[in-house]
Amino acid sequence: MSVGPERRRVQKVVGYVVSDGRLLVFTHDDFPLEVTGVQVPAGTIESGEQPAAAVAREVWEETGVDVRIVRALGVEQYDMWPSKPELHERYFFQLAPRGDSLAERWRAGEELPSDGGAPQWWTCQWIPLEQAHVLCNGFGARLGEIILGASDGTTVEGG
């Protein structure tokens with residue numbers, strides 16, 4: 001039985017930016033929601049880069065929000081097949097924004113994407129943690145640790 005082509009392993013980071021019980025998410029402006037879904041900042045770890053540095057860089061590049069690491073939440077594997085022959089090793093982090101003056105909604109994007117493709121734009125916004133089940137592509141895999149930590153009486157930094 002064949003399960004498709006050999007998957008290439010790719011190291012990724014996923015950032016849960018939490019502030020006042022809300023999660024920073026985005027949706028792509030130029031693609032249907034059914035195609036791209038609701039996402040959180042995430043991306044590829046560059047050669048020689050540490051996961052914590054990569055997640056802070058990705059959040060900044062994708063949203064313009066400067067963050068600090070609250071805690072590492074662990075690692076998950078996510079098989080991208082059939083959309084890509086990749087197995088993602090995802091490092092999850094809880095982050096908090098530096099500073100207080102954050103908009104409720106804003107546009108961000110890349111005029112010149114690193115892959116050389118067309119410009120890409122997305123809308124960033126804050127949603128209640130309780131609604132984070134809307135995340136696509138396994139991005140919600142480690143959210144339970146944040147939500148459970150907030151509901152069991154412990155203090156969640158940045159929240």
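Is H28 buried or exposed? I would like to start with that residue, and to say at once that what we are looking at is a predicted model. H28 has a relative accessibility of 15%, and because the cut-off for buried is anything under 20%, H28 counts as buried. Its place is in strand β2, and, if we set aside residues up to four places away in sequence, H28 touches T36, Q39, Q120, W121 and W122.

Let me step back to the whole chain before I return to single residues. The protein chain has three helices and seven strands, and, read from the N terminus, these elements follow the order β-β-α-β-α-β-β-β-β-α. The radius of gyration is 16 Å, close to the 15 Å that the globule rule gives for 159 residues, so the chain is as compact as a globular protein of that length. The C-alpha trace, laid along its principal axes, spans about 50 × 35 × 35 Å. As for burial, 42% of the 159 residues count as buried. If we take the contacts with a separation of 6 or more, 66% of them are accounted for by residues 24 or more positions apart.

Now to the largest pocket, which holds about 1100 Å³ of space. Which elements give two or more residues to its lining? They are β1, β2, α1, β3, α2, β5 and β7, where β1 covers residues 8-19, β2 covers 22-28 and β7 covers 120-128. The lining is made up of 39 residues, and those that lie nearest the centre of the pocket are K12, Q39, A42, E62 and K84. Sorted by class, the lining has 16 nonpolar, 11 polar and 12 charged residues. Q39, which I have just named as one of the residues nearest the centre of the pocket, is also among the residues that H28 touches.

Helix α2 deserves a moment of its own. It runs over residues 51-63 and includes R57. What does the side chain of R57 reach at 3.0 Å? It reaches the backbone oxygen of T44, and T44 appears again among the contacts of R57, which, apart from neighbours within four places in sequence, are T44, E46 and E49. R57 counts as buried, because its relative accessibility is 18% and the cut-off is under 20%. A56 is in helix α2 as well, but A56 is partly exposed, with a relative accessible area of 25%. The C-alpha atom of A56 is separated by 6.2 Å from that of V67, a residue 11 positions away along the chain.

After the helix comes D66, in the loop between α2 and β4. D66 has a relative accessible area of 42% and is therefore partly exposed. Leaving out the neighbours within four places in sequence, D66 is in contact with W60, A96, P97 and R98.

I turn next to some backbone details that you may want to look at on the screen. Which peptide bond is cis? The bond from W81 to P82 is cis, with omega near 10°, and P82 lies in the loop between β4, residues 67-79, and β5.

Then there is D20, whose phi is near 55°, a positive value in a residue other than glycine. D20 lies in the loop between β1 and β2, and with 59% relative accessibility D20 counts as exposed, because the cut-off for exposed is over 50%.

N137 also has a positive phi, about 50°, although N137 is not a glycine. Where along the chain does N137 lie? Its place is in the loop between β7 and α3, the latter covering residues 143-151. At 34% relative accessibility, N137 counts as partly exposed. To relate N137 to the loop residue I described earlier, D66 and N137 are 71 residues apart in sequence, and their C-alpha atoms are 24 Å apart in space.

To close, I would bring you back to the two buried residues I have discussed: H28, at 15% relative accessibility, has W121 and W122 among its contacts, while R57, at 18%, has its side chain 3.0 Å from the backbone oxygen of T44.

Terms used. Residues numbered from 1 in each chain as written. Predicted model: local features only at pLDDT ≥ 70, side-chain atom pairs only at ≥ 80, totals over all residues. Heavy atoms only, no water. Helix = DSSP H or I, 4+ residues; strand = E, 2+ residues; numbered from the N terminus. Buried < 20%, exposed > 50% of the residue type's maximum accessible area, 1.4 Å probe, protein only. Polar contact = N/O pair within 3.5 Å; in protein donor to acceptor, adjacent residues only side chain to side chain. Contact = heavy atoms within 4.5 Å. 1 Å grid on protein atoms, 1.4 Å probe; cavity = no way out; pocket = protein on both sides within 12 Å on 5 of 7 lines; lining within 4 Å. Points joined across faces, edges and corners; volume = space filled by probe spheres on them. Nonpolar A, V, L, I, M, F, W, Y, C, P; charged D, E, K, R; others polar. Rg over C-alpha atoms; globule rule 2.2 N^0.38 Å.
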